[in-house]
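Got a minute to look for the empty space in a protein? Here is a quick briefing on the topic.

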Amino acid sequence: MPDTHSRADRLSATRYGNRPTMKDVAARAGVGLKTVSRVVNGEPGVTPETEHRVREAIDALGFRRNDSARVLRKGRTASIGLVLEDLADPFYGPLSRAVEEVARANGALLINGSSAEDPEREQELVLALCARRVDGLVVIPAGDDHRYLEPELKAGVATVFVDRPAGRIDADVVLSDNYGGARDGVAHLIAHGHRRIGFIGDMPRIHTAAERLRGYRAAMEDAGIEVAPAWTSLGVTDPERVRRAAEEMLSGPSPVTAIFTGNNRVTVTVIRVLAEQPRPVALVGFDDIELADLLQPGVTVVAQDAATLGRTAAERLFRQLDGTLLTPEQIELPTRLITRGSGELPPAG
């Protein structure tokens with residue numbers, strides 16, 4: 001016969017948020033609260049028979065330990081928060097996974113949230129995580145003023161910024177070499193004979209976009225090439241805006257012969273535009289993209305290691321929590337140029 005009594009107990013205990021308590025477990029098992037506490041926390045002093053009764057009651061009621069009291073005693077929640085720009089962006093997948101692996105190795109739970117590139121939403125999310133007493137934060141910032149975090153930092157919330165620096169506060173930050181990577185990518189196009197090179201990037205207020213534009217301009221200046229105003233376009237990365245920018249650069253009496261794209265989302269749209277062009281156009285993109293090696297030609301990219309960014313940031317966070325880091329630092333990780341064919345196309349005659 002099915003255990004309808006146990007099932008009814010579980011349903012009544014969990015429906016509408018009425019979670020079973022240790023008092024409920026003690027009543028069902030016929031023991032005192034202290035005995036239940038010892039079993040739940042793995043403490044000695046309980047006979048095997050009594051422990052068996054308590055565990056049967058726990059299973060029947062669907063009881064789960066409430067760690068709130070333990071948090072108050074220890075001052076730690078064994079949880080950290082990760083604030084990303086966009087959870088759907090492929091770049092953040094390996095970064096998030098790396099942070100989660102480090103958190104797990106340190107016995108901590110990871111809580112993710114997305115700012116959607118909105119500074120107000122970033123602040124709201126960060127402070128909500130702090131209100132839930134996370135031990136630390138890994139933040140990919142959307143805004144450029146993080147003084148709102150100063151009370152939390154003083155209260156002991158460990159914080160590391162990744163991919164972009166913090167604004168107007170002194171904090172640990174882990175970055176890729178956005179300037180150097182972009183400079184190398186554009187120099188690669190110049191080395192293959194290109195002089196009219198377009199740049200399509202993200203919004204100029206974003207640190208990574210500004211640094212990649214700076215790298216583009218530096219490579220052009222190194223080669224003695226004056227950048228025409230029509231060759232650069234920064235803005236939102238939605239396909240319509242990027243497509244319009246690419247088509248404008250590729251039209252007219254002196255179209256660009258190559259394009260450097262500022263991130264993976266821009267690159268994907270530009271690939272679609274270039275597939276419609278009657279002549280070959282060289283392309284180098286910042287950030288690797290899935291299936292880039294299977295396209296014809298393969299897509300040449302400046303790759304950054306998202307997993308290493310996340311792992312480095314998380315490891316620094318736990319070193320802060322352990323008390324082994326005292327002075328904030330900025331760590332800059334190298335990028336890598338991966339040649340696959342699109343960046344090696346010569347200028348169309």
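What follows is a short tour of the pocket and cavity in this model. Keep in mind that the model is predicted. Rolling a probe the size of a water molecule over the atoms shows where empty space is left. Here, the largest pocket holds about 430 Å³ of space, while the largest cavity comes in at about 150 Å³.

**The largest pocket**

- You'll find 23 residues lining the largest pocket.
- Nearest the centre of the pocket are E152, L153, G156, V157 and A158.
- Three elements give two or more residues each to the pocket lining: helix 8 (150-154), strand 4 (158-162) and helix 13 (306-322).
- By residue class, the pocket lining splits into eleven nonpolar, six polar and six charged residues.

**The largest cavity**

- If you're hunting for enclosed space, the structure has one cavity of 30 Å³ or more.
- The largest cavity is lined by 19 residues, and T208, R212, N263, R265 and D287 sit closest to its centre.
- At least two lining residues apiece come from strand 6 (197-201), helix 10 (207-222) and helix 12 (264-275).
- Helix 10 is the top contributor to the cavity lining, chipping in three residues.
- Sorted by class, the cavity lining has eight charged, six polar and five nonpolar residues.

Terms used. Residues numbered from 1 in each chain as written. Predicted model: local features only at pLDDT ≥ 70, side-chain atom pairs only at ≥ 80, totals over all residues. Heavy atoms only, no water. 1 Å grid on protein atoms, 1.4 Å probe; cavity = no way out; pocket = protein on both sides within 12 Å on 5 of 7 lines; lining within 4 Å. Points joined across faces, edges and corners; volume = space filled by probe spheres on them. Helix = DSSP H or I, 4+ residues; strand = E, 2+ residues; numbered from the N terminus. Nonpolar A, V, L, I, M, F, W, Y, C, P; charged D, E, K, R; others polar.
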